[in-house]
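Work through three short exercises on the structure below. Try each task before reading its solution.

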Amino acid sequence: QVQLVESGGGLVQAGGSLRLSCAASGTIIRINGMMWYRQAPGKQRELVAVIRSGGRIDYADFVKGRFTISRNNARNTVYLQMNSLKPEDTAVYYCNIDPPAPHWGQGTQVTVSS
């Protein structure tokens, strides 16, 4: 089974930066893609960014130009560098992989104060 562990969240002022990490472990045969999601209170989980094994990267419009996704294939780890943070970026951030892990990780809380 695959386990996902996110880290790096915290409290930051608007305009600040954070770098999230997510490590996938367990029985992993192949990871085609790695992605970040977020879920704000009272809202559905939404896709933030995805990086595929061929190197293609896509971002949600609301983070383009501010967030950067990257991965370390040797460590099965994905990162999310978040700059110019806004209060509306406040959410629990989760990662997942393709093919999907059977369970979500615990996520990491990001809180941006105004």
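A polar contact is a pair of N or O atoms within 3.5 Å; within protein, one must be able to donate a hydrogen and the other to accept it, and residues adjacent in sequence count only if both atoms are side-chain atoms. The model is predicted: local features need pLDDT of at least 70, side-chain atom pairs count only at pLDDT 80 or more, and totals for chains, interfaces and linings use all residues. Residues are numbered from 1 along each chain as its sequence is written, and side-chain values use heavy atoms, without hydrogens and water.

**Exercise 1.** Find which backbone oxygen atoms the side chain of R71 reaches.

Solution. Start in strand β7, where R71 lies. (Strands are DSSP runs of E, at least two residues, numbered from the N terminus.) Next, follow the side chain of R71 to the backbone oxygen of I31, at 3.4 Å. The backbone oxygen of I51 is also reached at 3.4 Å. Now check charge. R71 is buried (under 20% relative accessible area, 1.4 Å probe, protein chains only) but has no salt bridge. That would take a side-chain nitrogen of Lys or Arg within 4 Å of a carboxyl oxygen of Asp or Glu. D98, the nearest side chain of opposite charge, is 8.7 Å away.

**Exercise 2.** Place β7 in its sheet.

Solution. Read the order of the open four-stranded sheet: β1-β3-β8-β7, paired antiparallel. (Pairing takes at least two DSSP bridges.) β1 (2-7) and β7 (67-72) each have a single partner strand, so one side of each lacks a neighbour in the sheet. Then take β7 with β8 (residues 77-82): six bridges join them. I69 sits opposite L80 in β8.

**Exercise 3.** Locate the one disulfide.

Solution. Look for cysteine sulfur atoms within 2.5 Å. C22 and C95 fit, S to S 1.7 Å. C22 is in β3 (residues 18-26) and C95 in β9 (residues 91-98), 73 residues apart. Both cysteines, C22 and C95, are buried.

Note on methods
Buried means under 20% relative accessible area, exposed over 50%, partly exposed in between (1.4 Å probe, protein chains only). Lys and Arg count as positive and Asp and Glu as negative; His and the chain ends are not counted.
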